[in-house]
Amino acid sequence: MKKPKKVLVIGSGPIVIGQSAEFDYSGVQACRALKEEGIQVVLVNSNPATIQTDKDTADFVYIEPLTCGVLEKIIAREKPEALMATMGGQTALNLAMELHRSGILKKHDVRFIGTGAEAIDMAESRERFNALMNRLGMPILPGKVVNDIASGVKAASAIGYPIIVRPSFTLGGTGGGTVYNEADLCPLLELALRMSMTGEALIEKSAIGWGEFEYEVVRDSFGNSQIICNMENIDPMGVHTGESIVIAPSQTLSDADHQMLRDAALKIAEGVGIEGGCNVQFAMNQETGKFTVIEVNPRLSRSSALASKATGYPIARVATKIALGYRLHEIRNAITGTSAAFEPALDYVVIKIPRWPFDKFPKTSREIGTQMKSTGEVMSIGRTFPEALNKALRSLEVKLPKEINPEEHLFPPTDLRIYALIESFRRGKSVDELHSKTKIHRWFLRRISDMVEVERRIGKEKMGKALMLEAKRAGFSDSQIASLTSSDELAVRTLRKSFGIIPTYKIVDSCAGEFEAITPYYYSVYEDENEAKPLVGRKVIVIGSGPIRIGQGIEFDYCCTHAAFALRELGYKSIMVNNNPETVSTDFDTSDRLYFEPLTFEDVMNIIDNESPEGVIVQLGGQTSINLAERLEKAGARILGTPTDGIDIAEDRERFRELANRLGIPQPQNDTATSEAEALEAASAIGYPIVVRPSYVIAGRGMEIVRSDEELRRYIHEAVDLSQKRPVLIDKYIDNAIECEVDAVSDGETVFIGGLMEHIEPAGVHSGDANIVLPAIRLSDKEKKTLIDYTQKISKALGIIGLVNIQFVVKEGTIFILEANPRASRTVPFVSKAIGVQLTKLAVAAMLGEKLPKINPKLNHYAVKSVVFPFLKLIGTDIKLGPEMRSTGETMGIGKTFEVAYYKALLAAGIRLDGNLAPNAFISLRDEDKPHVPELSENLKKLGFGIYGTLGTVGGVEGAIPIPKIGMGHPDVVELIESGTITLVINTPTKGGGANTDGYKIRRSSIRSNIPCITNISTANELLKAVLTLKKKELDIRRADEYAH
Amino acid sequence: MERERQRLRATLVLKDGTTLQGIGFGAKTEMVGELVFNTSMTGYQEALTDPSYGGQILLMTYPLVGNYGTNAADKESDHVQPSGFVIRELSPDAEHRQSEGGIHSFLKDNGVPGIYGIDTRMVVRHIRDKGVMPAILATSDSEAALDPKRLLSKLEFDYSSIDFVSKASTKKPLVFNKGGKTRVALIDYGVKMGIVRELMKRKCEVHVLPSSTPASDVRALEPSGILLSNGPGDPAMLAGAHRTIRELEGDMPIFGICLGHQLLAHAFGGDTYKLKFGHRGSNHAVLDNRSGRTLITTQNHGFAVGRIPKGFETTHTSVNDKSVEGMADEKRRIISVQYHPEASPGPHDSLYLFDEFMKMM
């Protein structure tokens, strides 16, 4: 096979539940592996917070919406010879198949490299896959592919309940689930059929309770294949593997069991025709030893990212080389310098735990099952099971409810099941009882029970050297030991060190020590030999951002990764600390040294003690890293950049208010309160509406707009609970104002304004959820000047060295400052991409004492950041926006005009107004938005939409079809949405309001039907204007670097 | 119960004085052997019963051992073969449908000591850098018995001077699958049952013969082919075996596995050398030079063939260190591999070699 000269790589778009940073990681490896061969790479992704969209990663970067139409334009422009479909998750796979099926690839003479269309179809089409399994003699669960409800019901009763419903071609099991009877089957199946790209779903016998195992296979085009990693889900069948606690390697299989599954995995990879990587899932009844094939993913996946990090074997890189025609033994193992033909041997255990967003969605059921709800995950490495488990648990950074009643979480499982198991053992439950309830393998339950026994002894026995060593080897943190012994963490740390018990660091080398590793990474254990001799030379530690969660996403990992790059350029060695297996920052060659560790004070400080770096960078890893600054400094670490006192001023409302007053910068009237009485008093002084929130927040957790004493009382009750007696912050809420924010870098003298951004939605929508435009479009020159002036004053007063993000509200010519974040913000990658200047690089240079260069980037275009929400997965959550952040990911649209940029950003976020056969919009606005009805209707009509609404809203609109309120007649709006008549919903929610309101029902049904639902009048107006402008011409698609001229 | 075992202490002392103290299990005793490591993540029971580990103390690099217990089906011989077992963590209980007991009792019943709770990775890195070396492992509840100085002074052991084969080999001929379609004479230098099982699966009548069986006795059985088994020790010192093999040449096809492969090299004018720390595990890639395919193989050898005999070609090569992994002489109808096509434990990628052998017969 001839190597292609130019290859198209499709990314995975915005971060959504089920598709996270792992595809930036695999995409980056693929790009590098291609470039090494002198092949030009065309990369398309709408997500700006990705390393793959950096101009150094690919040759031609397109930050454009991931749709077939856009991709065809890019193909026509770039004329790639080949396409890699397997690096960008299900999004890229589906797009590639669409391009293939519609003949676009053929028309432009583009071929697949790596796993091809035929193999993808074989793996993804249930019918063909099942037929293949029968041919190969592979056991599968009885199942039937159905296209309608009636045949689904028939199939289910023939197979017998419980039944699992799986829609074809969807992401993270969207629309699937387990049901025990016909009544539950019907609604689920209806959803599944709608979610499926092909309108088909599989009705399958459920193997709930069986052991679940995954095999990561790589196979070359000559048929050589091997297993990179086998993993066991601690949560048995019934819980999606992305929602399960996973351990690698498998712990409960004998060699005979393992070889049986290995043989099956290789045979399946061969049968499907994989050329690259794939993931095969099995269920095994461990009482009988019988197994069954669940599915195969013919692409790189979240599991393959985990397998790569767990073993040190770069699967995406090897899969790319395979796509170019190399045989496995011809590819080099970059970790050891030996060949890539081998199966990694681990001499440790790896545990992955998902990170769920239920703290953000208190009204959503915490139950976990066959559909993904988690946003991210942590990985930990240890030499024993409890060691790895405890490290993983503290990597999660979750705040647990004060009381966990185990019975509520064991079965059906919730995100808290692992804690419920621990608590059950504390309460004296037996392994057998818990096994019969959860079906979790007894071996795991026994290990957890043993761990609880160690915990009990820590609390009971005198803490001597032997017990301390045992506790540390079982993974207990100093702070856990402190709370069990009524001591404090620093005292435990001192005692531990006095025993000479300090961690040693071991290498992840893919070969269990058999060969010397050249690019290793490390994890801590309490053993004899420390393999991490301090790195020689000038070095800096970068503290990462941990698991992807709402409010702290891939953007921070992007910044940390760039810090490693910048340090290298500046002649420093970089040491990364992080625990997220999905990301580029934890790729083995991103930094000079990687520690795969929890991000707690203890774990980070131990690394600082081991390495003695020149400094520590805390401002790039979001709230996770900045929260550690003060303690690390007190313990003797040198924090680079903004001094901790500056950080404290920015985060302490009282001190910040004093500062703003001193600088003469207006703030919305604000106060703090530590009791309900104080809060009520403050509120009456300030006047409703007010914004209330607990102090020290991450992404607006617990933030609410409150409009009455009654609401405030209720809030106080919940918030004080949330923030552990820390005060409640109260701000005047400024209605109908423009919100804007600035990302800047300062060296202490010069403040470089990276971007002055304007929110499209009015103030009150969390900045992480707002659509944002750069440059600002509604601000006057005078206002801009003032904003820049304030930014400079604040930055200097806080002593900012490095990055700062400041948020403002502009109301009738007055500029109010809302807050200053002395750290990287989530817009840093967006701004960096928009202006073509890497802000993180400037920040790192400033932190190391360099002066900022004189740069004056000119924007000849518009960039808009839009967002995506997880509502589809989190049933029960209302989708209206507020001061609490709820989006999981972001998109970027670039255009010569604002309209084009905005349209592209929304298109990339999945709001598609094109291609509807029968476009009909339903409008329902709150009273204050009703004056917009005529304009909105006019624009909708111009776009060919029919208009529906209640009489109260659309009564005055000519040609509109009035429909009854929900429950007051037929068909109502919900029925019209479900029947497919209505294809766009514009609904602005009234204040307050629970799950019983009509608005809530409308929004929910639009989400379930997968049609756009716009909840903000500004978003709607701007979008319609943009679409109208665009209707007249072709969408302008360019390389990201072509917009500047 | 495994959990209720007596708390033993244990000391492991290497020839160069490196000492590790941990928790003891298995038998309360002391044993010497050559300390080697195996990187398989499963299959500890098969390894423990593999006769090729005779005279060696076996260290598993995977830290959690004993999780799924032991059972009758996964035995490669009737008893524990290595003289000691070194692991990071011993599972206090065994959970598996086939489990008949834990590793502790298994070792104890066989009189073999074990140690856990030590930094096994440090030991592996030490051996990797310094090469395999003799070691002594003692388990006891008395301090004196565990004194490193005393143990070091007792550490007299020269692996290459000991004839392990005659100990490992069957004392009298055994027949498996009597009446099977194809008769195979298997010369037992310490055979793994996995090899016998693969032949039985292919309807062979397998005659397992003592390693000292003269060529004439072998021939008298009128077998269709001869299998030279794996086994422990230094292949260079087994002059008798070299001679027997030379005498058997020509009459019928021969298949050599591991030690059998090395003996073939010696018999026909090739030689072997000792590897620094051996190949032991189930993840080693081997290139089949004839088909161009790579195979993931199970390996357990401390020696390798250096010069292959005249008339032979190298059929299999280690992907990593390029050492000889297989050779064949078409005229003489001989094939042999350094690694373990029968797996157990390990991948089944190379079972095709048994089919090849069947075709030759």
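Q: In this predicted model, what makes the packing of helix α19 (residues 554-569) and helix α29 (residues 839-847) of chain A count as oblique?
A: Look at the angle: the two helices pack at about 55°, with their axes 9 Å apart. Angles under 35 degrees would be roughly parallel, and 65 to 115 roughly perpendicular. The value fits neither, so α19(A) and α29(A) are oblique to each other. Their crossing is right-handed.

Q: Which residues make that contact?
A: From α19(A) come A:Cys559, A:His562, A:Ala563, A:Ala566 and A:Leu567, and from α29(A) come A:Thr840, A:Lys841, A:Val844 and A:Ala845. Sorted by class, the residues of this contact are six nonpolar, two polar and one charged.

Q: Why are α1(A) and α11(A) called oblique too?
A: Helix α1 (residues 22-35) and helix α11 (residues 315-323) of chain A pack at about 45°, with their axes 8 Å apart. That angle is not under 35 degrees and not in the 65 to 115 range, so "oblique" is the word for α1(A) and α11(A). On the α1(A) side the contact includes A:Ser26 and A:Leu34, and on the α11(A) side it includes A:Arg317 and A:Thr320. By class, you get four nonpolar, three polar and two charged residues there.

Q: How do you know that the length of helix α8 (residues 182-195) of chain A agrees with what a helix should span?
A: Take 1.5 Å a residue: its 14 residues should span 20 Å. The end C-alpha atoms of α8(A) are 20 Å apart, so the two values agree.

Q: Which residues of α8(A) are buried, and what do they pack against?
A: The buried ones are A:Leu185, A:Leu188, A:Leu189, A:Leu191, A:Ala192, A:Leu193 and A:Met195. Their packing partners in chain A include α7 (149-159), β9 (201-205) and α34 (998-1008).

Q: Why is A:Asp109 called exposed?
A: Count the neighbours: A:Asp109 has 11 other C-beta atoms within 10 Å. The cut-off for exposed is 12 or fewer, so A:Asp109 qualifies. You'll find A:Asp109 in the loop between α4 (104-107) and β5 (111-112) of chain A. Its phi is near 60°, a positive value in a residue other than glycine.

Q: What makes B:Lys203 exposed?
A: B:Lys203 has 12 other C-beta atoms within 10 Å, and 12 or fewer counts as exposed, so it makes the cut. B:Lys203 sits in the loop between α6 (193-201) and β12 (204-210) of chain B. Its phi is positive, about 60°, although B:Lys203 is not a glycine.

Note on methods. Residues are numbered from 1 along each chain as its sequence is written. Chains are lettered from A and ligands numbered from 1 in the order in which they are written. This is a predicted model: local features need pLDDT of at least 70, side-chain atom pairs count only at pLDDT 80 or more; totals for chains, interfaces and linings use all residues. Axes are lines fitted to C-alpha atoms, for helices over the stretch in contact, and angles run from 0 to 180 degrees between N-to-C directions. Helices (H or I, at least four residues) and strands (E, at least two) are DSSP runs, numbered from the N terminus. Angles under 35 degrees count as roughly parallel, over 145 as roughly antiparallel, 65 to 115 as roughly perpendicular and the rest as oblique. Two residues are in contact if their C-beta atoms, placed from the backbone, lie within 7 Å. Ala, Val, Leu, Ile, Met, Phe, Trp, Tyr, Cys and Pro count as nonpolar, Asp, Glu, Lys and Arg as charged, and the others, Gly among them, as polar. The expected span of a helix is 1.5 Å times one less than its number of residues. A residue is buried if 20 or more other C-beta atoms lie within 10 Å of its own, exposed if 12 or fewer, and partly exposed in between; C-beta atoms are placed from the backbone. A crossing is left-handed if the near helix is turned anticlockwise from the far one by less than a right angle, and right-handed if clockwise.
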